[in-house]
Amino acid sequence: MPSFTTRRHVPFTPRQMYDLVADVEKYPQFLPLTEALRIRRREQTGNPEVFTADMTVGYKAIHETFLTRVSLYPDVPKVEARYIDGPFRHLENRWQFHASSKGGCEIEFFIDYAFKSHMLALLVGALFDKAFRKFAEAFEERARAVYGVPVAAVVN
């Protein structure tokens with residue numbers, strides 16, 4: 001089963017980065033391979049907020065939609081997604097944001113997945129792996145677009 005974990009220091013606060021990751025409906029604007037994202041149903045408000053969402057990913061002629069259950073933990077801050085239905089046998093991902101003694105925060109991104117179809121895994125497996133490796137970078141670029149260049153980054 002492919003899995004990937006990365007840690008990345010960014011010059012933004014844990015809350016700023018959490019807010020970007022929690023705003024799932026904006027993913028198609030900036031996240032690699034993401035074509036559409038629709039929240040189907042909010043299951044619980046409060047802490048955690050829980051909802052189900054359809055995410056459509058694609059590349060060239062291949063387009064797949066899958067359903068996940070997303071849990072938002074703003075006090076931690078953490079975002080978790082668990083697979084419900086679609087082309088995967090298994091999919092789990094997690095974002096956590098830790099304050100850094102250097103300022104800003106450490107983003108921790110984890111994903112573990114396996115396709116149901118061996119053929120689909122052969123066709124897009126390497127592409128998905130490459131895209132997942134760019135997710136944390138995509139969120140940092142999104143933070144710069146939304147929040148601007150942090151003052152600490154200008155001074156250094």
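Helices (H or I, at least four residues) and strands (E, at least two) are DSSP runs, numbered from the N terminus. The model is predicted, with local features requiring pLDDT of at least 70 and side-chain atom pairs pLDDT 80 or more, whereas totals for chains, interfaces and linings use all residues. Residues are numbered from 1 along each chain as its sequence is written, and side-chain values use heavy atoms, leaving out hydrogens and water.

**Exercise 1.** Locate Leu122 and classify its accessibility.

*Solution.* Begin with the element: Leu122 lies in helix H2, residues 118-133. Next, take the classes, in which buried means under 20% relative accessible area, exposed over 50%, and partly exposed in between (1.4 Å probe, protein chains only). Leu122 is therefore exposed, because its relative accessible area is 60%.

**Exercise 2.** Do the same for Asp19, then relate Asp19 to Lys78.

*Solution.* Asp19 belongs to helix H1, and its relative accessibility of 33% is why Asp19 counts as partly exposed. Finally, Asp19 and Lys78, although 59 residues apart in sequence, have C-alpha atoms 10.0 Å apart in space.

**Exercise 3.** Identify the buried residues of helix H1 and name elements that cover them.

*Solution.* In H1 (residues 14-22), the buried residues are Pro14, Met17, Tyr18, Leu20, Val21 and Ala22. Their cover, judged by contact (heavy atoms within 4.5 Å), includes strands E1 (3-10), E4 (62-73), E5 (78-85), E6 (88-99) and E7 (105-115), together with helix H3 (135-147).

**Exercise 4.** List the contacts of Phe128, leaving aside neighbours within four places in sequence.

*Solution.* With those neighbours set aside, Phe128 is in contact with Leu33, Val57, Phe88, Tyr113 and Phe115.
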